[in-house]
Amino acid sequence: MLQLVETTGYKIKGVRNQRSLEEGVYIMSAVTDTFEHVKAVIQSVHKNATSRDKINFYNSWAEHYEQDVAVLDYRAPSLAAHCISSHFSGEREAAAVLDVACGTGLVAKQLKKLGFGNFVGIDGSKGMLELARQSGLYQDLKQVMLGEEPLPIQWADLFDVVVIVGALSDSHAPVAVVRDLCKSAKPGGYICMTTRSNQDNQEYKGRLDAELKQMEKEGLWTCVEVTEVEDWERAVTEHEDGYISGAVYLYKKL
């Protein structure tokens with residue numbers, strides 16, 4: 001059975017034989033970029049229940065990912081990069097940067113413009129990692145499922161900057177992964193994180209805020225900056241209009 005959702009000038013085809021139902025395969029055929037198309041794409045990924053479904057979705061979406069998030073006016077990669085840049089005082093070209101949930105490399109592209117040049121990326125999607133590899137920005141790329149497997153033990157205390165953009169939400173990564181991010185940073189290194197502040201992510205954001213503060217109480221890191229941003233990206237849920245808000249966190253490992 002083939003289900004076809006049509007939007008203005010764009011078709012999203014969801015293959016619905018038994019195998020594709022199990023794997024959560026989504027095939028996108030681009031005619032033109034429209035907000036309604038991108039909205040439907042984003043809503044479909046949040047409906048996926050299992051990690052396997054989400055990975056298969058991102059593998060299928062990788063080719064169109066950057067053009068689709070551009071339609072959303074997705075500002076998080078740029079906001080995170082400039083937050084890091086405003087506080088980092090070391091040698092940027094030599095600084096080791098761990099880009100967690102790197103996707104196709106949007107954050108690394110922004111940091112490259114700001115003088116950084118030594119990137120290691122991880123993501124759960126092979127499709128996204130292949131496009132990140134083609135960017136030529138990364139010295140190393142690894143497939144890692146956040147929350148299901150730890151970061152490599154040899155990365156402990158290794159990176160000058162650890163950054164995660166777009167993955168801190170209930171549908172993607174558990175709050176506990178921030179402890180792995182902290183472990184991977186050098187003492188004195190920076191950890192930059194982003195999350196959405198819209199209605200659907202409020203419970204997760206509350207748990208995230210509590211964990212970040214708890215880690216500060218434990219003496220693991222200190223808060224450098226928290227920036228709430230009103231116009232984070234265009235809203236895609238049925239009950240929200242205009243732009244949703246988001247937050248950028250910057251911590252320094254002790």
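At what angle do helix α4 and helix α5 pack, and how far apart are their axes? These close-ups of a predicted model start there.

**View 1. Helix α4 packs against helix α5.** Helix α4 covers residues 76-87 and helix α5 covers residues 106-113; they pack at an angle of about 40°, with axes 9 Å apart. Angles from 35 to 65 degrees fall outside the roughly parallel and roughly perpendicular classes, so α4 and α5 count as oblique to each other. Their crossing is right-handed.

**View 2. Here are the residues where α4 and α5 meet.** From α4 come P77, S78, A81, H82 and I84, and they meet L106, V107, Q110 and L111 of α5. Sorted by class, this contact has six nonpolar residues, three polar ones and no charged ones.

**View 3. Seven strands make up an open sheet.** Reading across, the order is β6-β5-β4-β7-β8-β10-β9, and the pairing is mixed. At the edges sit β6 (138-143) and β9 (221-234), each pairing on one side only. On average, neighbouring strands of this sheet are turned by 15° against each other, ignoring direction.

**View 4. Strands β4 and β5 run parallel.** Five bridges join β4 (residues 96-100) to β5 (residues 118-123). In this pair, A96 stands opposite N118 in β5.

**View 5. Helices α4 and α8 pack on the sheet.** Helix α4 touches β7 (159-164), β8 (185-196), β9 and β10 (243-253), and its direction makes about 150° with that of β9. Helix α8 (residues 202-217) touches β8, β9 and β10, and its direction makes about 15° with that of β10.

Notes
Residues numbered from 1 in each chain as written. Predicted model: local features only at pLDDT ≥ 70, side-chain atom pairs only at ≥ 80, totals over all residues. Heavy atoms only, no water. Axes fitted to C-alpha atoms, helices over the stretch in contact; angles between N-to-C directions. Helix = DSSP H or I, 4+ residues; strand = E, 2+ residues; numbered from the N terminus. Parallel < 35°, antiparallel > 145°, perpendicular 65-115°, else oblique. Left-handed = near helix turned anticlockwise from the far one by under 90°. Contact = heavy atoms within 4.5 Å. Nonpolar A, V, L, I, M, F, W, Y, C, P; charged D, E, K, R; others polar. Pairing = 2+ DSSP bridges.
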